[in-house]
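User: Could you take a close look at one part of this model for me, the sheet and what sits around it? I'm new to this, so please go step by step.

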Amino acid sequence: LFVSEPEFLKGVVAMDGMPPADRVEVCFAGRSNVGKSSLINALTGRRALARASNTPGRTQEINFFTLSASHYLVDLPGYGFANAPVPVVAKWQALLKAYLSGRASLRRAFVLIDSRHGPKDVDEEIMTLLDRSAVPFQAVLTKADKVKDAERDRAIDRTRAVLARHPAAYPTLIVTSAEKGWGIATLRSEI
Ligand code: GDP
């Protein structure tokens, strides 16, 4: 992947606000604070690119970034926000379902999992949604620099066990650290 023109395009709250489905598209999903913005910044080589999507008000939107004339990167809202009001959660879940099942140009989802915590129930919920939406997905462990090797290996094993239950999952996972640059080239080549 040649990231030639990384820029924040727009945040959308409804399907009809999305840009035309005329480019290859990948999306990133993960719990709040998993390190999604940092990973997007590392991937694109733009330090503050994803900050726009982390500002208050933007967090419930589906955020589109252009990577090049032929690729979009889509940042899905961080999930697992227990404090959000029920109607807000319901609205974003409806948008998420509509996006995952209706976006013709979406080729792959990356499900980010914190190396320190391993896969959580909400991660499996997203994976199940991806299975049902027939969106192939790949797991990405984040913040690998924060854990000891044994702890990282345990997170890998637990993630693999979860992936084995999901038909839309790629068997291979990618171990990354936005901080150290680990796995970034692999992730880029997967895209
Ligand atoms: P987001 O909410 O998923 O977008 O998460 P952020 O990218 O904002 O990261 C959440 C916190 O984790 C921030 O304090 C980051 O500095 C930190 N963080 C993110 N990625 C890494 C990483 O690879 N290594 C370390 N050590 N910290 C990270």
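Analyst: Here is a walk through the sheet, followed by a few helices. Keep in mind that this is a predicted model.

Let's start with the sheet. It is open and has seven strands in the order E1-E3-E4-E2-E5-E6-E7, with mixed pairing. At the edges you'll find E1 (7-12) and E7 (174-175), and each has a single partner strand, so one side of each is left without a neighbour in the sheet. Now zoom in on the E7 end. E6 (residues 137-142) runs parallel to E7, and two bridges join them. One residue to look for here is Val140, whose bridge partner in E7 is Ile174. Packing on the sheet is helix H4 (residues 121-133), which touches E2 (24-30), E5 (106-114) and E6. The direction of H4 makes about 170 degrees with that of E5.

Next, hop over to helix H5 (residues 149-163), where Ala155 has its place. Ala155 has 22 C-beta neighbours inside 10 Å, and 20 or more is enough to count as buried, so Ala155 is buried. Leaving out residues up to four places away in sequence, Ala155 touches Ser115, Gly118 and Leu141. Val24 is another story: its C-alpha atom is separated from that of Ala155 by 30 Å, and the two are 131 residues apart along the chain.

Last stop, helix H1 (residues 36-44). Seven of its nine residues are buried, so H1 is largely enclosed by the rest of the structure. Among those buried residues are Leu39, Ile40 and Leu43. Right after H1 comes Gly45, with a positive phi near 75 degrees.

Notes. Residues numbered from 1 in each chain as written. Predicted model: local features only at pLDDT ≥ 70, side-chain atom pairs only at ≥ 80, totals over all residues. Buried ≥ 20, exposed ≤ 12 C-beta atoms within 10 Å, placed from the backbone. Helix = DSSP H or I, 4+ residues; strand = E, 2+ residues; numbered from the N terminus. Contact = placed C-beta atoms within 7 Å. Pairing = 2+ DSSP bridges. Axes fitted to C-alpha atoms, helices over the stretch in contact; angles between N-to-C directions.
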